[in-house]
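Ready for some practice in reading a protein structure? Take a look at the chain below, then work through the exercises at your own pace.

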Amino acid sequence: MADIPFSKSVSARLRDGVFVVVIDNPPVNALSADVRSGLMAALDHVASLDAATAIVLTGAGSTFIGGADIKEFGKPPVEPMLPEVIERIEAFGKPVVAAVNGAALGGGCEVALACHGRIVGEEASFGLPEVKLGIVPGAGGTQRLPRLIGLVAAIDLIGSGRAVKTGEAVALGLADGIATDPVGAAIALAHEFTGKPLRRTGVICVPPAEDPAAVSAAEAKVLAKSRGQSAPAEAIRLVKATGELDLRQGLAEERATFLRLRDSSESAALRHVFFAERAAGKVEGLDKASSRRIQTVAVVGTGLMGSGIAVAALSSGHSVIALEQSQEAAAGGKARIAQTLDKSLRSGRLTADGRDECLARLQTTAEAEDLVKADLVIEAVFDDLTVKTDLFRRLDGIVRADAILATNTSYLNPDAIAAATVDPSRVVGLHFFSPANVMRLVEVVDCAKTAPEVLASALAFVKGLGKLPVVCGVTEGFIGNTIFSAYRREAEFMLEDGALPQEIDAALEAYGFPMGIFAVNDMAGLEIAWARRKRQAATRDPAARYVEIADRLCEAGRLGHKSGRGWYAYPDGKRTIDPEVTAVIEAVRAAKNIASRSFTPAEIMSRLLKAMVDEGTALLADGVAARPGDIDVVMINGYGFPAHRGGPMFAAEQNKDQPHA
Ligand code: 3H9
């Protein structure tokens, strides 16, 4: 029997007396108006089709349903609305079983929850990630999920937005079974259901016997991670309301909350981040460049950064050759990599088998000639131009002609490093953030002579690590460190003008940063920036404003957390305000005859944001960053800028008509 079309993206076919409805709306089968109307038409059709005893609902390709179509948010609503489609499914007179072939997210998960049964394929996952978009589920997720899996698990999943894979889905009671052929198994389950009372999720009573302490603990865990955002707290409120409201009242409350949050600035910011993250790894015209297969990755240097990169590559299935200067250093590198893998094992990110497989794919060596097998070499050695150029010259003569050479430099000019090679077109920058096995962000530096296919390969490699690539051009510090330096400079100007480190940090934290800039500097250590300032002293413009406070602190041995003192003191490891620092600041102000004045938190933030945006605008003008969104993505993922503010460029655009404090 031929497929029956119900709309452009929904069609169905009768199989063993069951109507198999397929949603085919690439790239992720989002629930567009066309999908919603197609689903309604299919339900109408089956309601009066005697030959069909049940419906199985599945997605084409590798996704079940990726959720509501986020691109439709902010546009005039088009009937039928998703809650209506979902209620129709739940109330349907014949069994409806979801064959969850891939990700069932947001509205996709809500569709699955309303079905009378759920069979998952091996690659399936369930999640209600709405809070990551600044909203709550808006089509019954907060009301149906707790009815299926209980309050504690629902608060965890909806409040964090995390997705669960098949095993956890079955254990939680979200799925009825796992099958290699989910459609076939769903048809079988639909037959079992036929003629029996249907399991309608909405009428299940929320399991009452839950431990209130466990509910509070789940709630506290979510709230601790969502400072400054309103969606997670609203989601928890709705989940908890399932114990007090009936389904209809709960759905009405959920819908009202969803609509209110959908129009909030938090949601606009997080939607911007969603699309900006996906755009950041794209380069116009690059889709025509074919990328090279990268299986064996060599990492030169196994310090904190190199071993982190090695773990990231091993964890995503690559073979890794880690090169060190001596056998002893190579053994030390191996131990560091093994320790990091063990940490992943302890935190549940890796299984014991997974850890052993990673170690089996690792080779540590002191012989550079071993790198002949590498498809990609990433250097993570000391950030010194002579060291790096010497290394690249040597590597150039050893590795295969088609191997890619990447530098992880933070501040040096990668074009100067590339110039040491015979073929600079194979050189690219891969600026990882520490710890490299954890941090998602990687600045992919398109150097002056990088070949398009080398850039395309580097981007594909970074995405394959599960990381977030942002393409940028060459400048000292690339996107992130350039902007970080600018706002750190502005923060230090404010110190001279009258603010104190703790006031600036408090303003940043109140804005949503996990930590203020001075606390961050203490954590990272003050000595590297001090050494840079000393190097730059001879060439610094004497007319440019220069703040000496950090130098005075370093000269006094205050190098940050590890020396026990920096911008703060750390008695017993706890950050505390230190009057000695205040005295240093006051002395510097006095020496420059600066009459200090007070700053409001709004003024502090306004000056810091302006510094970031001015620098960002310059990076855009110089072509170092391609889009404002790329700058936002870097600052959010590498420097703690709160995602729910959308990044500095987005925030400035939103606030441009508002007077600054
Ligand atoms: C919701 O459902 C609200 C409901 O509760 C209530 C409603 C009433 N819409 O990530 P990828 C695009 S809110 C529109 O690179 P992957 C994406 O922009 C929604 N577009 O693929 C990209 O476009 P381009 C809750 C979407 O394979 C392309 O698809 N759902 C949507 O790495 C590929 O995306 C979510 O929050 C969408 N919903 O990962 C899920 N999703 O090619 C969001 C994706 O032009 N989506 N696009 O750059 C995801 O998490 C991932 O996309 C997914 C696939 C895991 C599905």
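**Exercise 1. How much area does the protein expose, and what share do carbon and sulfur atoms supply?**

Solution. This is a predicted model.
- The protein exposes about 28,000 Å², and 56% of that comes from carbon and sulfur atoms.
- Turning to burial, 54% of the 661 residues count as buried.

**Exercise 2. Work out why the protein counts as being as compact as a globular protein of its length.**

Solution. Begin with the parts, then go to the whole.
- The protein has 26 helices and 19 strands.
- The globule rule gives 26 Å for 661 residues, and the radius of gyration is 28 Å, which is close, so the protein is as compact as a globular protein of that length.
- Along the principal axes, the C-alpha atoms fill a box of roughly 85 × 60 × 45 Å.

**Exercise 3. Check the span of helix α25 against what 1.5 Å a residue predicts.**

Solution. Take the helix from its residues to its end.
- Helix α25 covers residues 628-639, which is 12 residues.
- The expected span is 1.5 Å times one less than the number of residues, so α25 should span 16 Å; its end C-alpha atoms are 16 Å apart, which agrees.
- After α25 comes Gly 640, with a positive phi near 80 degrees.

**Exercise 4. Find out how many residues of α25 are buried, and what they pack against.**

Solution. Count, then look at the neighbours.
- In α25, 11 of 12 residues are buried, among them Ile 631, Val 633 and Tyr 639.
- These buried residues pack against several elements, including α11 (265-280), β18 (441-445) and α24 (601-621).

Notes
Residues are numbered from 1 along each chain as its sequence is written. This is a predicted model: local features need pLDDT of at least 70, side-chain atom pairs count only at pLDDT 80 or more; totals for chains, interfaces and linings use all residues. Side-chain values use heavy atoms; hydrogens and water are left out. Helices (H or I, at least four residues) and strands (E, at least two) are DSSP runs, numbered from the N terminus. Buried means under 20% relative accessible area, exposed over 50%, partly exposed in between (1.4 Å probe, protein chains only). Contact means heavy atoms within 4.5 Å. The radius of gyration is taken over C-alpha atoms; the globule rule is 2.2 Å times the number of residues to the power 0.38. Accessible areas come from the Shrake-Rupley method with a 1.4 Å probe; for residues, only the protein chains shown count as cover.
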